[in-house]
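I open this notebook to record what I looked up in one structure, entry by entry. The notes go from the whole chain to single side chains.

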Amino acid sequence: MSSAILHNQAQKQIHQLHLDLQKLESGSDTSSALQGQITATLASVKRAAEDLEEWGKRETSAVKREKALDRAFKLNQDYVALRDRFERHKARVSSSMQAMKDREELLGRRTGTNVKHAEQDTVLLMDQILREHESLNNTNSRLDEYILMGRQALSELVEQRGMLKVCIPNLQRMMTNENNPPCGIGDAETNVGYCKLIGTLNLGHSVYRTTNNH
């Protein structure tokens, strides 16, 4: 194979590399097959540049040697530029994927933190509800006690009212009976008993007033 044919084949590969890299960079084709094809073509161009350089070194004609070496130099420059372009694209893709991964991890941690905070808030809310429920139960228990005490007091008042309905007329009659003079007159022991009974019922004043009115 002559150096001219080798150079022409390398130029066609470089043209194809430009097309493939445009597809890759535009996103129209990001397949692994295309990236593998680019890698293989770059390796082929590199070998062509090396072969051209060796070919030029073996040329006996100074003109042909200079021409072959010049083509090899330019071909190697094209290879380096296309290789670096391909590596920059892969670096951008890798950086973008890493940023997306970091973002997902960050969102995951935030979600986990939010869930943890939500669980803590739920526990605090449940504790508050339990405390309020316990307080309400204690209040209801005290209210039940007050109601029971009130009912007992009412029952006692009703009972005392019944007793008073019977005792007061009898006491009034006893106090106004000529045979049972007021306290301090007549039989001392009997009168003391009457006075104590009147004092126990807290009616002494009203009974004496009723007696005086009679």
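**Entry 1: contacts and overall make-up.** I began with the contacts in this predicted model. Of those with a separation of 6 or more, 61% are between residues 24 or more positions apart. I then listed the secondary structure and found five helices and zero strands, in the order α-α-α-α-α along the sequence.

**Entry 2: surface.** I computed an accessible surface of about 15,800 Å² for the chain, with 54% of that area belonging to carbon and sulfur atoms. Buried residues make up 17% of the 214 residues.

**Entry 3: helix H2.** I checked the length of H2, which runs over residues 32-58. With 27 residues at 1.5 Å a residue, a span of 39 Å is expected, and the end C-alpha atoms are indeed 39 Å apart, so the two values agree. I also noted which residues of H2 are buried; among them are Leu34, Ile38, Leu42, Val45 and Leu52. The list further includes Thr41, Ser44 and Gly56.

**Entry 4: Asp20.** Which residues does Asp20 touch, leaving aside those up to four places away in sequence? I found Leu34, Gln37 and Ile38. Asp20 itself lies in helix H1, residues 3-26, while Leu34 and Ile38 are among the buried residues of H2. Asp20 is buried as well, yet it has no salt bridge. Why does Lys23, the nearest side chain of opposite charge, not count as a partner? Lys23 is 4.5 Å away, and a salt bridge requires nitrogen and oxygen within 4 Å, so the pair does not qualify.

**Entry 5: salt bridges.** A search of the whole structure returned five salt bridges, and I looked up several in detail.

- Lys57 pairs with Glu53, with the closest N and O atoms 3.7 Å apart. Both residues lie in H2, four residues apart, about one turn of the helix. Glu53 is partly exposed, at 36% relative accessible area.
- Lys74 and Asp70 meet at 3.5 Å, N to O. They are four residues apart in helix H3 (residues 62-176) and therefore separated by about one helical turn. Lys74 is partly exposed at 46%, and Asp70 is likewise partly exposed at 37%.
- Arg83 forms a salt bridge with Asp84, the closest N and O atoms being 3.2 Å apart. Arg83 counts as partly exposed at 31% relative accessibility, and Asp84 is partly exposed at 29%.

**Entry 6: a note on spacing.** An α-helix has 3.6 residues a turn, so residues three or four places apart point the same way. I set this beside the pairs Lys57 and Glu53 and Lys74 and Asp70, each four residues apart within one helix.

Terms used: Residues are numbered from 1 along each chain as its sequence is written. This is a predicted model: local features need pLDDT of at least 70, side-chain atom pairs count only at pLDDT 80 or more; totals for chains, interfaces and linings use all residues. Side-chain values use heavy atoms; hydrogens and water are left out. Helices (H or I, at least four residues) and strands (E, at least two) are DSSP runs, numbered from the N terminus. Buried means under 20% relative accessible area, exposed over 50%, partly exposed in between (1.4 Å probe, protein chains only). Contact means heavy atoms within 4.5 Å. Accessible areas come from the Shrake-Rupley method with a 1.4 Å probe; for residues, only the protein chains shown count as cover. The expected span of a helix is 1.5 Å times one less than its number of residues. Lys and Arg count as positive and Asp and Glu as negative; His and the chain ends are not counted.
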